[in-house]
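Work through the exercises below with the sequence and the model open. Each task is followed by its solution in steps.

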Amino acid sequence: MNITYKTDKALPNEQLYDLFVSVGWADKNNTTQSMIDNFNKNFINSTIVISAWVDEKLVGCVRVLSDKMFRSVIYDLAVLPEFHGNGIGRELVRRCKEHYPDSEWLVQTTADKADFYKHIGFEVNNDVFLTVPCKLF
Ligand SMILES: CC(C)(COP(=O)(O)OP(=O)(O)OC[C@H]1O[C@@H](n2cnc3c(N)ncnc32)[C@H](O)[C@@H]1OP(=O)(O)O)[C@@H](O)C(=O)NCCC(=O)NCCS
């Protein structure tokens, strides 16, 4: 399989939306056209965006917010289900880490996905994670 990786931040809204739907992060019954038209805003506003492509099809994405030195946080790592198990998720994270190799890398995820991150070299730390929840979703 010929997978191409890109760093453009302005990912195409429709394809990004379809990718989010495919992994259960967006709900087709609860989305307006205006939401789709703005779907890539948080990617555009991120420090790093890496996307994976097969021909013209967006098959994976990840974004990072970073101070470019000490601390970098991974968000929205997603691979189309039919492309799982091809090393795309691992490669997307590897390419992120390559930008700031000495930084601490953080990710917030669910218990079932923690095993993926552990498998690619992340460790659980015991800091308490506090939040004021987002009001947009
Ligand atoms: C998590 C996700 C990004 C993994 O992407 P992927 O491209 O299928 O993963 P890779 O093929 O790169 O897997 C790399 C390694 O991790 C392993 N792995 C993949 N998913 C795993 C999981 N859920 N638990 C444990 N190990 C896992 C693979 O077996 C592979 O191991 P190997 O290199 O020893 O063979 C993908 O399953 C996905 O998009 N899930 C839905 C969205 C999501 O939950 N994102 C992460 C939360 S922020």
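The exercises go from the whole chain to single elements and then to the ligand.

This is a predicted model, in which local features need pLDDT of at least 70, side-chain atom pairs count only at pLDDT 80 or more, and totals for chains, interfaces and linings use all residues. Residues are numbered from 1 along each chain as its sequence is written.

**Exercise 1. The whole chain**

Task: State how many helices and strands the chain has, and in what order the elements run.

Solution. Helices (H or I, at least four residues) and strands (E, at least two) are DSSP runs, numbered from the N terminus. By this count the chain has five helices and five strands. Read from the N terminus, the order is β-α-α-α-β-β-β-α-β-α. The radius of gyration (over C-alpha atoms) is 15 Å, close to the 14 Å that the globule rule (2.2 Å times the number of residues to the power 0.38) gives for 137 residues, so the chain is as compact as a globular protein of that length. Along the principal axes, the C-alpha atoms fill a box of roughly 40 × 40 × 30 Å.

**Exercise 2. One face of a helix**

Task: Find the buried residues of helix H1 and say where on the helix they lie.

Solution. A residue is buried if 20 or more other C-beta atoms, placed from the backbone, lie within 10 Å of its own, exposed if 12 or fewer, and partly exposed in between. In H1 (residues 13–22), the buried residues are Leu-16, Tyr-17 and Leu-19. Seen down the axis of H1, these fall within an arc of 160° (taken over the directions from the helix axis to the C-beta atoms), so they line one face of the helix. Their cover includes helix H2 (33–37), strand E3 (57–66) and strand E4. After H1 comes Gly-24, with a positive phi near 85°.

**Exercise 3. Strand E3 and its partners**

Task: Describe how E3 pairs with E2 and with E4.

Solution. Two strands pair if DSSP finds at least two bridges between them. Start with E2 (residues 48–54), which pairs with E3 in the antiparallel sense over seven bridges. Here Trp-53 stands opposite Leu-58 in E3. The two strands form a hairpin with two residues between them, and Asp-55 in the turn has a positive phi of about 55°. Next, E3 and E4 pair in the antiparallel sense over six bridges, with Val-64 opposite Ile-74 in E4. This hairpin has four residues between its strands, and Lys-68 in the turn has a positive phi of about 70°. Finally, seven of the 10 residues of E3 are buried, so the strand is largely enclosed by the rest of the structure.

**Exercise 4. Leu-106**

Task: Is Leu-106 buried, partly exposed or exposed, and which residues is Leu-106 in contact with?

Solution. Leu-106 belongs to strand E5 (residues 104–107). With 16 C-beta neighbours inside 10 Å, Leu-106 counts as partly exposed. Two residues are in contact if their C-beta atoms, placed from the backbone, lie within 7 Å. Apart from neighbours within four places in sequence, Leu-106 is in contact with Arg-71 and Val-73.

**Exercise 5. Around the ligand**

Task: Say which elements contribute to the shell around the ligand, and what kinds of residue make up that shell.

Solution. A residue is near a molecule if its C-beta atom, placed from the backbone, lies within 6 Å of it. The ligand is surrounded by 17 residues, of which the closest are His-84, Gly-89, Arg-90, Asp-115 and Phe-116. Strand E4 (71–79), helix H4 (88–99) and helix H5 (111–119) are the elements giving two or more residues. H5 supplies the largest share, four residues. By kind, the shell has seven nonpolar, seven polar and three charged residues. Here Ala, Val, Leu, Ile, Met, Phe, Trp, Tyr, Cys and Pro count as nonpolar, Asp, Glu, Lys and Arg as charged, and the others, Gly among them, as polar.
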